[in-house]
Structures are given as structure tokens and as C-alpha cells.
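Visitor: Could you take me in for a close look at one strand, along with what pairs with it and what follows it? A little about the whole chain along the way would help.

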Amino acid sequence: MLRVAAGTGERASFCLERGDRRAESPFLYVAGTEDASRGQARLELALVEPVERAPGDAEAARMVIDGVRTAIDGCDPDDALERLHAAYSNLSRWLLGQNRANGNRRKIFLGLTCLVRCGDDLFVAQVPPGQALIRQDGRLFAFPKLRSWSPAFQPSRTYDLPNPLGLRELTAPQAHYSRIERGDLLAVVSSSIASRLEPLEEELLDAAGIEDVIDTLADASARLGVVGGVAGIIAA
């Protein structure tokens with residue numbers, strides 16, 4: 001487990017591969033505390049999740065994260081949402097080209113969940129699979145809803161989910177906005193773990209801090225037989 005503590009907040013990652021803990025993962029990005037430009041946009045958390053594992057997906061995930069960082073970090077807050085949308089389309093177009101060029105090789109389709117901070121403003125952008133969580137004001141906000149992972153879930157309305165990266169030339173993420181305050185917890189979580197979290201919602205709300213959240217995820221993964229997945233958490 002990689003944990004960084006600093007005056008601007010505490011950050012942690014939980015990476016599980018084939019049942020073993022790892023210090024880091026190419027599918028997860030957690031921003032450090034260094035060079036944080038106050039007031040400017042910054043990618044705080046990013047989760048890249050393959051729809052199915054395929055050769056080269058780890059390298060593609062690194063390229064995707066680098067692409068979002070290049071598009072977002074240091075830009076004017078007024079431009080952040082437009083740049084975020086453009087980054088998703090540009091990266092989907094790039095990955096589609098890679099898939100076409102690879103002939104008979106298994107295609108790579110990637111979910112991408114990003115949390116971008118501009119001062120106290122937070123943007124969540126997502127093409128599935130993937131999970132974003134925000135704990136604030138004594139409530140846990142989940143994108144998508146945690147119960148949506150249940151096979152019995154029936155949405156209250158019909159809607160089209162965005163395409164994963166690499167499937168179409170253009171893709172538009174679902175975007176959400178929030179104001180955050182010191183002490184709020186922000187997280188991205190792989191669907192392999194997120195699909196088990198609904199019964200643990202109260203436990204996540206009661207967790208004293210990041211270390212308790214990480215312990216909850218680790219215990220749930222071990223108890224429920226989850227052998228692969230990642231989570232990144234930041235205290236605002």
C-alpha cells in the first residue's frame with residue numbers, strides 16, 4: 001500500500017493483483033501533493049478499467065492517464081470541463097486507431113473515471129466500467145449508484161451509458177459537479193470491488209479516515225474472494 005501524508009491532505013492507494021497486494025498499478029493514478037497549483041485545474045484521481053483484460057492494456061492505461069494529465073493539469077478552471085470532454089474523445093479516437101492497427105489481436109476497451117479539482121470545485125467524469133465515491137456531509141455519493149452493480153437493479157429511467165474508450169471515434173463521459181470542503185473523502189474504485197460495497201455503505205461512512213477505508217476495502221476483498229482491483233483515495 002502506498003500512502004502519502006502531507007499538509008494538503010492524505011492520499012492512499014489499494015492495489016490487488018491475483019490476490020496479492022501491490023504498491024502501485026498502471027490502472028490507477030493518485031496525484032501527489034507536490035507542485036499543486038492553487039486555483040488551477042488538476043487531475044486528482046484516475047481509474048482506467050479494461051472491459052476485459054487484453055494484451056497491451058496496461059501500456060494503454062498509462063497512455064490514457066498521461067493524456068488526461070496533459071490535457072488538464074494547470075489549465076484554467078473555466079476550461080477544465082471542456083478540456084476533459086475533449087480528452088475523452090481524443091483518447092477514444094487514439095485507442096480505436098490502435099485497435100484497428102492491431103489486426104487480429106484482442107481489442108482493448110477501457111473505462112475511465114476521473115476526478116478533477118479546481119480549488120473547491122470538483123468534476124467527476126466517467127465512461128464505464130469504474131466507480132467514483134465522494135463522502136461529504138455525512139453521506140456517501142456514488143457514481144454510478146452502488147446498487148446498480150446488483151443483477152436485480154432496475155433503473156428508474158431508461159438511459160444510454162457512454163461507450164468505453166476505443167469502441168467509437170467519439171465518446172462523451174457522464175459528468176458530475178460538486179463543491180468540496182476540507183475533510184471530504186474522494187475515491188475511485190474498480191468495479192470488482194465496487195460491486196461488493198453496497199452492504200458496507202454504513203461502514204464506509206463511519207470510517208475515521210483513509211486508513212480505515214483502505215482496511216474496509218482490503219477486508220471485504222479478502223472475505224469475498226476479490227483477487228484483483230484497485231482503489232485510490234484522497235482526503236480533501
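Guide: Before any areas come up, here is how they are worked out: accessible areas come from the Shrake-Rupley method with a 1.4 Å probe, and for residues, only the protein chains shown count as cover. By that method the protein exposes about 11,900 Å², and carbon and sulfur atoms supply 46% of this area. What you have on screen is a predicted model, in which local features need pLDDT of at least 70, side-chain atom pairs count only at pLDDT 80 or more, and totals for chains, interfaces and linings use all residues. Residues are numbered from 1 along each chain as its sequence is written, and side-chain values use heavy atoms, with hydrogens and water left out.

First, the setting. There are 5 helices and 12 strands in the protein; these are DSSP runs numbered from the N terminus, H or I over at least four residues for a helix and E over at least two for a strand. Of the 236 residues, 47% count as buried, where buried means under 20% relative accessible area, exposed over 50%, and partly exposed in between (1.4 Å probe, protein chains only). Take contacts (heavy atoms within 4.5 Å) between residues at least 6 apart in sequence: 70% of them join residues at least 24 apart.

Now for the strand I'd pick, β7, residues 121-127. It is mostly covered, with 6 of its 7 residues buried. Strands count as paired here if DSSP finds at least two bridges between them, and β7 has such a link to β6 (residues 110-118), an antiparallel one with 7 bridges. The two make a hairpin with 2 residues between them, and C118 sits opposite D121 of β7. In the turn, G119 has a positive phi of about 65 degrees. β7 also pairs with β10 (residues 174-179), again in the antiparallel sense, over 6 bridges. There, L122 has S178 as its bridge partner.

Follow the chain out of β7 and you enter the loop leading to β8 (131-136), where P129 lies. The peptide bond joining P128 and P129 is cis, with omega about 5 degrees. Most residues other than glycine have a negative phi, and most peptide bonds are trans. A cis bond also joins F143 and P144, with omega about 0 degrees; P144 is in the loop between β9 (139-143) and β10. On the way there, in the loop between β8 and β9, comes D137. Its phi is positive, about 55 degrees, although it is not a glycine. D137 is exposed, too, at 68% relative accessible area.

For something to set beside D137, try R18, in the loop between β2 (9-17) and β3 (20-22). R18 is another residue other than glycine with a positive phi, near 55 degrees, and at 74% relative accessibility it counts as exposed.

Last, the cysteines. A disulfide is a pair of cysteine sulfur atoms within 2.5 Å, and the structure holds 0 of them. C15 is buried at 2% relative accessible area, and C114 is buried as well, at 0%.
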